[in-house]
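Got the viewer open and a selection box ready? Let's walk through this one stop by stop, picking a few residues at a time.

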Amino acid sequence: GVFDNMGFVVELLLHDNPLTSLLSVDPGASVSTRSVAEKRNTNNTNSFTANVNTNTNANANNANTPLVRLTNLTLLDLRRTALAGVEERALKGLVRLETLLLDESEVAELHPQCWHGLSSLSSLSLRSCNLRNLRPNAFAGLHALHTLNLDGNAFPTIPANAFADLPNLDALFLSKGILRVVELDAFRNLGK
């Protein structure tokens, strides 16, 4: 796949691309990376153009999703992309991922299993996306999450248990949206 030989990368910046799926990366996408050594010593990033197309009909449960080999990744920047959602297990294998930025993308829906395996994720930003619906347990499994930014989204209701089981959440941003209803127990078991 596109990122098969990039296990050393700790930061992957795919922002401002017409990327529509995390299960495939189109040729010509502009990609910036930073390795462990570069992160420690400089602020330099390496840029390249993706010239390999992964299978656009990839199954979400396929172990060879494009990101699966990026085992050292701590930051993934997908701001201002055309992603309509985060597919099931599209982020599989990113056990060291600490920060995920999806701001101003077209994410309208979150698959119930999209966060599976993100045991180190401490900051998730979905600011000004197109998120129209929150489901109960929408962020299940994100036990290390400290910051969740949902500012400027289009969901009118926060259902019961939407933020359940987020024991380390310190900051939750819900401003500038169209929020009308907060159901009883929406924040049950939230925080410490």
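What follows is a tour from the overall fold down to individual side chains.

**Stop 1: the whole chain, as cartoon**

Keep in mind from the start that this is a predicted model. Show everything as cartoon and you should find one helix and 12 strands. Tracing along the sequence, the order is β-β-α-β-β-β-β-β-β-β-β-β-β. Of the 192 residues, 43% count as buried. If you like contact maps, here's one to try: among contacts between residues at least 6 apart in sequence, 62% join residues at least 24 apart.

**Stop 2: colour by confidence**

Now colour by pLDDT. The protein averages 80, and 77% of the residues score at least 70. Then select residues 36-42, where the pLDDT is below 50; beyond near neighbours in sequence, that stretch has 11 contacts in the model. Do likewise with residues 44-63: pLDDT stays under 50 there too, and the model has 50 contacts for them beyond four places in sequence.

**Stop 3: the nonpolar core**

Which residues have the most contacts inside the largest nonpolar core? Select L76, L91, L100, W115, L124 and F139, and you have them; the core itself has 46 residues.

Centre on L124 next and show what surrounds it. Setting aside neighbours within four places in sequence, L124 touches L100, L102, W115, F139, L142, L145, T147, L148 and N149. Three of the core's best-connected residues are in that list, namely L100, W115 and F139.

**Stop 4: the aromatic rings**

Keep W115 and F139 on screen and add F163 and F187: these four form one aromatic cluster. The count for the structure comes to three aromatic pairs. Start with W115 and F139. Their ring centres are 6.2 Å apart and the planes sit at 20 degrees, so this pair is stacked. Where do the two rings come from in the chain? W115 is in the loop between β7 and β8, while F139 is in the loop between β8 and β9, so the pair ties together parts 24 residues apart in sequence. Switch on a surface and check burial: W115 has a relative accessible area of 1%, and F139 has 0%.

Slide along to F139 and F163. This pair is stacked as well, with 5.9 Å centre to centre and 0 degrees between the planes. It also links distant parts of the chain, since F163 lies in the loop between β10 (157-158) and β11 (171-173), 24 residues from F139. F163 is buried, at 0% relative accessibility.

**Stop 5: the charged side chains**

Hide the rings and show Asp, Glu, Lys and Arg as sticks. Side chains of opposite charge can pair when their charged atoms come close. The structure holds six salt bridges, and three of the pairs are worth a click.

- Select D77 and R79: their side chains meet in a salt bridge at 2.5 Å, N to O. Is D77 buried or exposed? D77 is buried, with a relative accessible area of 2%, whereas R79 is partly exposed at 22%.
- Select D103 and R127: this salt bridge comes in at 3.5 Å, N to O. The pair joins distant parts of the chain, with D103 in the loop between β6 (99-101) and β7 (109-110), and R127 in the loop between β8 (123-125) and β9 (147-149), 24 residues apart. D103 is buried at 6% relative accessible area, and R127 is partly exposed at 27%. Add E104 to the selection and you get a network of salt bridges linking D103, E104 and R127.
- Select D185 and R188: the closest N and O atoms of this salt bridge are 3.9 Å apart. Both partners are partly exposed, R188 at 40% and D185 at 37%.

**Stop 6: the cysteines**

Finish by selecting C114 and C129. C114 is buried, with a relative accessible area of 0%, and C129 is buried too, at 9%. How many disulfides does the structure hold? Zero, so there are no S–S bonds to draw, given that a disulfide needs two cysteine sulfur atoms within 2.5 Å.

Definitions and conventions. Residues numbered from 1 in each chain as written. Heavy atoms only, no water. Core = buried A, V, L, I, M, F, W, Y, C linked by side-chain atoms within 4.5 Å. Buried < 20%, exposed > 50% of the residue type's maximum accessible area, 1.4 Å probe, protein only. Contact = heavy atoms within 4.5 Å. pLDDT = per-residue confidence, 0-100. Salt bridge = Lys/Arg side-chain N within 4 Å of Asp/Glu carboxyl O. Helix = DSSP H or I, 4+ residues; strand = E, 2+ residues; numbered from the N terminus. Phe/Tyr/Trp six-rings, centres within 6.5 Å; stacked < 30°, edge-to-face > 60°.
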